[in-house]
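This report is meant for a reader who meets the structure here for the first time. Please keep the sequence and the model in view while reading.

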Amino acid sequence: MIIEIDTNSGFCNGVVRAIRKAEEELEGGKTLYCLGDIVHNSHEVNRLKKRGLTTIDKQQFEQLHDECVLLRAHGEPPSTYRMAEKNNITIIDATCQVVLKLQQRIREAYLSHPESQIVIFGKHGHAEVLGLVGQTDNNAIVVDNDVDVEKIDFAKSVILFSQTTKSVDDFQHIITLITQRLQPNVTFQYYDTICRQVANRLPKLREFATHYNKILFVGDVKSSNGKMLYEECCKVNTNVHFISSVESIDYGWFDCHDTVGICGATSTPKWQMEEVANCLSKQFNN
């Protein structure tokens with residue numbers, strides 16, 4: 001069996017930076033909390049948990065005092081920073097630089113154009129989106145599909161941004177829908193704020209998936225990026241299997257003559273894809 005791992009898959013720079021910051025703090029033996037899962041991958045979360053990282057939710061965060069808390073790459077709304085200051089919490093800010101710049105742009109647009117509607121193309125309830133909406137005092141309109149677009153007042157000016165991990169094609173579709181519905185003489189500004197490190201993976205992933213007769217996509221069910229990339233693989237290869245761990249592998253899917261490509265999301269660690277490759281190799285190549 002030929003088994004190869006996609007060199008373009010794995011953690012994006014923002015996630016790598018967040019995990020590095022967590023590991024640096026934990027090396028010093030400090031008590032370190034993380035507000036939400038540091039990455040949407042339960043295996044990586046458990047690995048860091050064994051090293052001492054404690055994941056907490058918003059309610060637990062509000063009850064903390066005089067502790068150290070890491071903010072993950074997804075970013076947080078201003079209210080989180082205010083709560084930290086109130087409770088004397090030391091913040092280790094691992095917000096992705098791309099997300100941080102987007103937060104600033106949205107905040108500036110909101111303050112300088114009070115007459116306009118701030119619209120964010122993103123997944124409802126996603127951690128990054130909550131942080132972005134928070135820049136507008138929770139007044140931004142979140143749209144994720146054709147139905148959501150109807151929440152916009154097409155008689156008022158619109159300023160549109162995108163969650164950093166959304167599809168470029170889907171963003172263009174939303175732009176078209178809004179353009180078609182806006183009344184004459186209404187101002188429409190839109191900004192492609194999609195992270196190119198993530199967006200550029202799409203064409204590379206499609207190409208990778210065409211080179212093998214079987215694909216194993218390694219991801220976590222909580223990862224929206226993983227879901228999107230998996231669906232892209234399925235568009236170009238009819239033999240794609242989504243797995244969350246080596247325990248998810250059904251060896252009945254394969255025979256020793258297969259060529260197998262292993263890929264994953266921006267939230268999938270390289271060590272997990274390597275673990276999958278080693279299991280396949282032991283099963284079919286020994």
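The sections below take up the two sheets, a salt bridge, the pockets and a cavity.

## The model

The structure shown is a predicted model, and the descriptions that follow should be read with that in mind.

## The sheet E1-E12-E10-E11

One open sheet has four strands in the order E1-E12-E10-E11, and its pairing is parallel. At its edges stand strand E1 (2-5) and strand E11 (240-243), each of which pairs on one side only. On average, and with direction ignored, neighbouring strands of this sheet are turned by 20° against each other. Strand E10 (residues 214-218) runs parallel to E11 and is joined to E11 by four bridges; Phe217 has Phe242 in E11 as its bridge partner.

Two helices can be described together with this sheet. Helix H9 (residues 201-209) packs on the sheet, where H9 touches E1, E10 and strand E12 (259-264), and the direction of H9 makes about 160° with that of E12. Helix H10 lies across E10, E11 and E12, and H10 runs at about 160° to E11.

## The sheet E3-E2-E4-E5

Another open sheet of four strands, again with parallel pairing, follows the order E3-E2-E4-E5. Its edges are formed by E3 and strand E5 (90-93), and because each has a single partner strand, one side of each is left without a neighbour in the sheet. Neighbouring strands here are turned by 35° against each other on average, direction ignored.

Within this sheet, strand E4 (residues 68-71) pairs with E5 in the parallel sense over four bridges, and Cys68 stands opposite Thr90 in E5.

## A salt bridge between separate parts

Side chains of opposite charge can pair when their charged atoms come close. In this model the count comes to 15 salt bridges, and one of them can be followed in detail: the side chains of Arg51 and Glu23 meet at 3.4 Å, N to O. Arg51 lies in the loop between helix H2 (42-50) and strand E3 (53-56), whereas Glu23 belongs to helix H1, so the pair ties together parts that are 28 residues apart in sequence.

## The largest pocket

Rolling a probe the size of a water molecule over the atoms shows where empty space is left. The largest pocket holds about 450 Å³ of space. It is lined by 21 residues, and the closest of these to its centre are Asp144, Lys166, Asp170, Met228 and Glu231. Helix H7 (168-181) and helix H10 (224-236) are the elements that give two or more residues to this lining.

The largest share of the lining, seven residues, comes from H10, the helix that also lies across E10, E11 and E12. By class, the lining of the largest pocket divides into three nonpolar, seven polar and eleven charged residues.

## The second largest pocket

About 340 Å³ of space lies in the second largest pocket. Among the 23 residues that line this pocket, the closest to its centre are Cys12, Val15, His74, Thr165 and Thr266. The elements that contribute two or more residues to the lining are helix H1 (13-27), helix H5 (97-112), helix H8 (196-199) and H10.

H1 gives the most to the lining of the second largest pocket, with three residues, and H1 is also the helix that holds Glu23 of the salt bridge described above. The classes in this lining are nine nonpolar, 13 polar and one charged.

## The cavity

How many cavities of 30 Å³ or more does the structure hold? There is one cavity of that kind, and the volume of the largest cavity is about 40 Å³. Its lining is made up of Asp6, Asn8, Ser9, Arg201, Lys204, Leu205, Leu229 and Gly264.

Helix H9 supplies the largest share of this lining, three residues, and H9 is also the helix that packs on the sheet and touches E1, E10 and E12. The residues that line the largest cavity divide into two nonpolar, three polar and three charged.

Key: Residues numbered from 1 in each chain as written. Predicted model: local features only at pLDDT ≥ 70, side-chain atom pairs only at ≥ 80, totals over all residues. Heavy atoms only, no water. 1 Å grid on protein atoms, 1.4 Å probe; cavity = no way out; pocket = protein on both sides within 12 Å on 5 of 7 lines; lining within 4 Å. Points joined across faces, edges and corners; volume = space filled by probe spheres on them. Nonpolar A, V, L, I, M, F, W, Y, C, P; charged D, E, K, R; others polar. Pairing = 2+ DSSP bridges. Axes fitted to C-alpha atoms, helices over the stretch in contact; angles between N-to-C directions. Contact = heavy atoms within 4.5 Å. Salt bridge = Lys/Arg side-chain N within 4 Å of Asp/Glu carboxyl O.
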